[in-house]
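These questions follow one predicted model from its chain-level organisation down to single residues. Please look over the sequence and the structure before reading the answers.

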Amino acid sequence: MTEARARGLHGCWWQNAGGGGMSEGRPRPENYYEARGFSVYYLANAVFNIVSSSGAYLRGIEDILGDMRVLTLMRPFHRYTNLHHFIREISVDIMTEEVANIDPDHRFLREFLRIFTVPFPEEALQDEDSFWDFASESGRFHDALDELADEVFHVLFGDVAFLQKFNRLCADYIEMAGFGDELKTRRGTLKRVAIPVWARRAIFYRDKGECRACKRSLAALINRLETERYDHVVPLACFGANDITNLQLLCEPCNLKKSAAEEPVSRLYQRAIPS
């Protein structure tokens, strides 16, 4: 990672989380994201492959999750999730390869800047240092990255098997962390915290009100959102994170059976069109 990139990117993303909205003059309705159609499935596939074959990308992953950046993984329940952060960094690497390789056309990056209405001077694309100087000063650029990360997040959030792999990767870094003691137990695992109502609702709707393990419908059984039914896929005891991507809905018997063990999640999903 160049010094220019470190100056222009790291340390900025959380300051802009949730910013942006739709194109200038068109405020985004609450609880909606805008599908802009910028290579979202290409980026989702790249993130999926990097997580699924993490051993081949350890150096790049270390730049995103290693050292003090692991403190991001240890934060309890932010709407700008650990996966948002990871998607953002991978997307930046892919989009700016053109600048690093001095590609005169910069087609992929130009398309991103155009679709997300990021104004830029032509000289910003002359070389890598010029680009990261521009990026460090452009609030709209960082807002656009957050909007892109959120769109890709919604593609991946329904794949709980992928989320388990991602959270296992995060857990490895949390386990190795030598700081953040105020967030840890004496064993070094993260402390259990109350799961926010917004997180429980999101998981209930994502899992369609069913126990992910036995597929029993909980819609008629749950009159209120009960914390104990919202299970950490990678348990806190196994250095799992307090992150919405690390939760699944279980019925009480399946939750008790799983306890603090890490088990493969169900790969069965409801069909969009019933048979």
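**Backbone, burial and contacts**

Q: Where is the place of Ser-259?
A: The model is predicted, so local features need pLDDT of at least 70 and side-chain atom pairs count only at pLDDT 80 or more, while totals for chains, interfaces and linings use all residues. Residues are numbered from 1 along each chain as its sequence is written, and side-chain values use heavy atoms, with hydrogens and water left out. Helices (DSSP H or I, at least four residues) and strands (E, at least two) are numbered from the N terminus, and on that scheme the place of Ser-259 is the segment after α11 (252-258).

Q: Is Ser-259 buried or exposed, and what is its relative accessible area?
A: Ser-259 is not a glycine, yet its phi is positive, near 55 degrees. Buried means under 20% relative accessible area, exposed over 50%, and partly exposed in between (1.4 Å probe, protein chains only). Ser-259 therefore counts as exposed, its relative accessible area being 51%.

Q: What is the phi of Asp-67, a residue that is not a glycine?
A: Asp-67 sits in the loop between α3 (58-65) and α4 (70-74). With a relative accessible area of 54%, Asp-67 is exposed. The phi of Asp-67 is positive, at about 55 degrees.

Q: Which pattern does the protein chain follow, read along the sequence?
A: The protein chain has 11 helices and 2 strands. Buried residues account for 49% of its 275 residues. Read from start to end, the elements of the chain come in the order α-α-α-α-α-α-α-α-α-α-β-β-α.

Q: Of the contacts in the protein chain with a separation of 6 or more, what percentage joins residues 24 or more positions apart?
A: A contact means heavy atoms within 4.5 Å. Among contacts in the protein chain whose separation is 6 or more, the share contributed by residues 24 or more positions apart is 72%.

Q: Against which helices do the buried residues of α6 pack?
A: Within α6, residues 107-115, the buried positions are Phe-108, Leu-109, Phe-112, Leu-113 and Ile-115. Just after this helix, Thr-117 takes a positive phi of about 50 degrees. The partners against which the buried residues of α6 pack are α2 (40-52), α5 (82-100), α7 (128-137) and α8.

Q: With which residues is Phe-141 in contact, leaving aside its neighbours within four places in sequence?
A: Two of the buried residues of helix α6, Phe-112 and Leu-113, reappear among the contacts of Phe-141. Once the neighbours within four places in sequence are left aside, Phe-141 is in contact with Phe-112, Leu-113, Val-118, Phe-131, Trp-132, Phe-134 and Ala-135.

Q: With the side chain of which residue does the side chain of Asp-146 make a polar contact?
A: Asp-146 belongs to helix α8, and it is buried, with a relative accessible area of 4%. A polar contact is a pair of N or O atoms within 3.5 Å; within protein, one must be able to donate a hydrogen and the other to accept it, and residues adjacent in sequence count only if both atoms are side-chain atoms. At 2.9 Å, the side chain of Asp-146 makes such a contact with the side chain of Arg-88.

Q: What distance separates the C-alpha atoms of Phe-157 and Arg-206?
A: Phe-157 lies in the loop between α8 (139-156) and α9 (160-176), where its relative accessible area of 11% makes it buried. Leaving aside neighbours within four places in sequence, its contacts are Leu-163, Ile-203, Arg-206, Ile-244 and Thr-245. Although Phe-157 and Arg-206 are 49 residues apart along the chain, the separation of their C-alpha atoms is 8.3 Å.

Q: Which residue is joined to Thr-245 by a polar contact between side chains?
A: Thr-245 is in the loop between β1 (230-232) and β2 (247-249), and its 1% relative accessibility makes it buried. Beyond its neighbours within four places in sequence, Thr-245 is in contact with Thr-81, Leu-83, Phe-153, Phe-157, Leu-163, Phe-166 and Asn-167. The polar contact between side chains has a length of 2.6 Å and joins Thr-245 to Asp-243.

Q: How many disulfides does the count come to?
A: A disulfide is a pair of cysteine sulfur atoms within 2.5 Å, and by this rule the count comes to 0. Cys-254 is in no disulfide, with the nearest cysteine sulfur, that of Cys-251, 3.6 Å away. Cys-254 is buried at 17% relative accessibility, whereas Cys-238 is partly exposed at 23%. The number of disulfides is thus 0.
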